[in-house]
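Biologist: I would like a close look at a single part of this model, set out as one connected account. Please describe how it is built and what surrounds it.

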Amino acid sequence: MARPPRNKNTVRKKAPKAPAQDLHKGYRGAALECLKKFGVKVWSDVLIDSSRGRFEGRVLPRAESGDDQHIVIKIASGYNVGVAVDAITDIKETGYAVAHYKIPEKEFPFKEGRPFVKLLGTGGTIASRLDYRTGAVIPAFTPGELYGAVPELADICNLETEKLFGVFSENMGAQEYVVLAKAIAREIEKGVDGIVVGHGTDTMHHTAAVLSFMVQKSPVPVVLVGSQRSSDRPSSDAALNLIHAAKAAAESDIAEVMVCMFGPTSDLYGLLHRGTRVRKMHSSYRSTFRTIGDVPLATVNRERIAPLRDDYARRRPGDRKCVLNTAFEERVALIYYYPNMYPDILDALVDLGYRGIVIAGTGLGHVNKPCYPALKRAQEARVAVYMTVQTLWGYVHMDVYETGRDMQRLGVIPAQNMLPEVAYVKLCWALGRTDDLDEVRRIMLTPVAGEITDREPTNGYLILQGGLPEVEEFISGHWK
Amino acid sequence: MPTITNVRPFGSLTDDDYRAMGFRGGLEIHQQLLTTSKLFCRCPAGIYSYDYDAEILRHMRPTLSEMGEYDGTALMEFKTRKNIIYRTKQETCCTYEMDDTPPFDMDEESIDIGLKIALLLNCNIVSEMHIIRKQYLDGSIPTGFQRTAIVGVEGYVPFRGRRIGIKQLAVEEDSCREVGDEGHYRIYLTDRLGMPLVETVTHPDMETPAEIAEVGQLLRRLTRSTGLVRTGIGAAREDVNVSVAGGTRAEIKGVPRLKAIPRLVHNEAMRQRALLDIHAELKRRGITESSFRAVVVDVSAAATGDRQNLPAAAAKEGGHAYAVALRGFRGILGARTQETKSFVDEISDRVRVVACLDRLPNVFDDETSSRQLGDETWRRLRRKLKARDRDVVVLVWGPAEDARLGADEIVLRAHEATIGVPSETRQALADGTTGFERILPGPDRMYPDTDRPPIKIPEERVAALASELPEPIWTREGRYREWGVPEDCVAPLAASRWAETFEKVVEEHGVEPKFAATTLTHKMKGWRRRGWAVDDLAPSDVERTFSLYGRGKISREALTAALEAYLSHGAPLRSILNDLTHRGKVTARLPEIAKKVERKIKVRRFPNGPAAMKRYAMGELMAELRGLVPGAELAEIVTEKFLPKAKER
């Protein structure tokens, strides 16, 4: 059986080191020639004469995505401007000073009696800084440097940091999940009072779900945190999120895998979401993470943690044990069904040797009839197929319509009210543990960490609709 | 005690006095562009309203710039711990302005207008615009930075036979409108936020306060000459940079009117001079940056048991008070720094802004406000601080953290006096003085915007825009000189709103350039001085009046008289002009009027000779014919008709 290709984006080996002396960072082609011709380099102070007049400033590295037709300089007022290579008649070097980026990194002030929190870094925008080479925000802050930027952390806990990897969250994969889960278990065994995981926000809910399954019965809080506005900007939510997360890890009584991110878009409080019920719901809003189909675990601000419910796993002081199970089958796919979908997509997955397929179906959990033969084929190839709903809210109900019953006969198993991404990672985890599809079914349908709930409270589905008088009245009366 | 400083009132210095003190001034002009949408999102521009649908609360944290340093302003703003409230209205604010959505494409129309203005100002146009984030931690922009991009650098405008350098011109987004700032809350409206502006920065090439206002006027007229910018209240806002020899560049923000500039700038120059004098005095006393000493003591009610003698705010539950002894500072706090201010105001300002202690007075001291507390209290405070005669004691009070921060600021500001003039942003106050706003930010607050790629400005685009430019003011000036316009009228006229009218009446109505020019500059200036609403004069009315003159229907005097009558009485200009032309046929009435005057002369004696008689005759005729017959013509009549008769006698 052919293994599916591994995700090529996943960072598995160290990036090659940059040459020791790159004098023309990022410049290539005509721009590089031009710099060389006039004997100047990046960080040279220059006077550029061009057909558009004179420009004075310091040569900056060129972003990789930029063309090879311009030289970028920083002028005295701090602005950057680009000068076209073909307009340049002369460049004189008037000075040269290499810029050194220094981000204040301070040793964390340890204080007797404060809870001990471990911060595990994975990358993403909570840990980022600017990079000249790409002109972009890249994950590069070490967790230790974070303290230099957020000294309030010292009032909350004794913090130790460890950078596990530096990847954008979309590049998180099986290997990272396993490393992360093992690191968490190791820290629990060491006796930490809480764990914070710095994570990019895009797939934070995937990781939160994976960790909920891989690290069970944690005696301490495991809090995932990130930021929607990069930490290089004054309005960033990174610092406050980190403060909230550290607070939750250090002090909260909730010993679960949680996501801690902004409640409203205002700088008011964070929400602690159960790791299996949370989802990123807006591409850019600060308050993007929402608990789906239920209410969040708690609110957290600088002063206190206020639980919104009581049915959470309690912290177990003195206990250093958790249940670690890092099984993970990568040959599982998550398919978002759309009308007119051809069955060949399902066929292809079966042919490629995938062992599990999670479908995000329409409405109560449907796909079109033309897919039925492909589902039957999957069943015969002993591929585990689970149905979730793309409406996100609500349960799969495959007994309401005839079509649903047909699909169940073809081996499609309703995944209750598991979110599609949660069902996906759980199926990876379940298939990693066993080949026995009945056992897989038992694992899938037995709630481990709240991924399936027996009931949906009426306040679990609240999407306020703007424009309605009562909603507008509500909005005008509260900080958003 | 001899006075330490010498603050001279506005209006008492000559241009040479300013030059002698090494006065330099520059301008930063923010001009809104006339576009339909905002710069980085598609919200409408130019719709203002005070009501709102929702509020959002944010805080600002200082961040690292790409050079890896914290900016001074940034740290100060962070110290203030302000709660920033944004008021949003659905029609004028989307999730972009509130920093919940990344920016969209930069508005092309705005780029074109920016390029045009840069070309008008003779700037070197960049080949690639790089969007930069300029940090503002006062909360006036929710992102904490303004997106801004340079379109041109190193231009100039001709001014009085020399050049005023234009350092740079940027297209950028406007900030919020502040509607409240009290204690730890600052409130902003978001309707103006994100509207496109051009920011024009001049070199500090102005040598007197008056010149700054004049150049401001020139630049304003220039940008307006494109017809592509907004006008009206708040559409153009000036910041003024001021320094004197030995001083430091201070930036005066929020100058309401160009006319307010000279006094503000004078006061700021005087303040810098005063701070230099204070610095010299401290040096004379042996107090330097390193030998400076101050002591802070917690004198909260709880700590002293002296509840009744502390200010009410400090005595309140939870209120704290700190006393600061500034060693060797006696006499300094009362030293004049501006027309209505002394050094203690420098301290009080800092405490107000940084510690959010904005209920004034927020400090007492035993030099300038010792009567606010009993002698016994001061004695006790002095004992506590081990203050000697040469020391001065300052008291600050308020909520615990604010009071402590206030005490620190007192020490910091006093310490800065030993160094010289701090680099500050100062706010323009109504009485023409300035007050501390924040530490002047440096280039460290600039870093690239990573949300948008650079924008290429190809040669063709620049060439196309260059061909659409309005005529530059200096070209106009050259033409006026050729026309024989008196030199003192050339520059003011070319930059005035009457330039277009002037050219029309000369070219289309055949009016002599010299007459039209002097009327539209000197006369207008005189009328304005009399307090007449010259700005309300419609160019079309003025043109009509000149055209009547050009066609010989009214005399020069009549033209002047008509405009004066209009400005002084407010009667409709049209009816004044009708009146003048209707009485028309004046020449026909002349013999009759002359006879009348002749009769009057006959019954009078002129012991002082013919000249007196001439004056009398002219006066009488003018009274009858005021403005209807040119003066020269009347003089001729008088000389021919009456003088000979006088001689006869």
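Modeller: Two residues are taken to be in contact if their C-beta atoms, placed from the backbone, lie within 7 Å. The model is a predicted one, and the part I have chosen is the open eight-stranded sheet of chain A.

The strand order of this sheet is β9-β6-β10-β12-β13-β14-β17-β18 (chain A), and the pairing is mixed. β9 (158-163) and β18 (305-307) of chain A form the edges; each has a single partner strand, so one side of each is left without a neighbour in the sheet. On average, neighbouring strands are turned by 25 degrees against each other, direction ignored.

Within the sheet, β6 (residues 116-121) and β10 (residues 194-198) of chain A are joined in the parallel sense by five bridges. Gly121(A) is found opposite Gly198(A), a residue of β10(A).

Two helices of chain A lie across strands of the sheet. Helix α5 (residues 204-214) of chain A lies across β12 (222-225) and β13 (257-262) of chain A, and its direction makes an angle of about 155 degrees with β13(A). Helix α6 (residues 238-251) of chain A lies across β6, β9, β10, β12, β13, β14 (270-274), β17 (298-300) and β18 of chain A. Its angle to β13(A) is about 150 degrees.

The setting of this part includes the second chain. In all, 47 residues of chain A are in contact with 46 residues of chain B. On the side of chain A that touches chain B, β2 (53-59), β3 (70-74), β4 (80-84), β7 (129-131), β8 (136-138) and α12 (469-477) of chain A each supply at least two residues. The most comes from β4(A), with five residues. By class, that side of chain A holds 21 nonpolar, 15 polar and eleven charged residues.

β4(A) also pairs with a strand of the other chain: β4(A) and β5 (residues 128-129) of chain B run in the antiparallel sense over two bridges. Here Gly82(A) has Glu128(B), in β5(B), as its bridge partner.

As for chain B as a whole, its secondary structure consists of 21 helices and 23 strands. Of its 649 residues, 49% are buried. Among the contacts in chain B between residues at least 6 apart in sequence, 74% link residues at least 24 apart.

Key: Residues are numbered from 1 along each chain as its sequence is written. Chains are lettered from A and ligands numbered from 1 in the order in which they are written. This is a predicted model: local features need pLDDT of at least 70, side-chain atom pairs count only at pLDDT 80 or more; totals for chains, interfaces and linings use all residues. Helices (H or I, at least four residues) and strands (E, at least two) are DSSP runs, numbered from the N terminus. A residue is buried if 20 or more other C-beta atoms lie within 10 Å of its own, exposed if 12 or fewer, and partly exposed in between; C-beta atoms are placed from the backbone. Two strands pair if DSSP finds at least two bridges between them. Axes are lines fitted to C-alpha atoms, for helices over the stretch in contact, and angles run from 0 to 180 degrees between N-to-C directions. Ala, Val, Leu, Ile, Met, Phe, Trp, Tyr, Cys and Pro count as nonpolar, Asp, Glu, Lys and Arg as charged, and the others, Gly among them, as polar.
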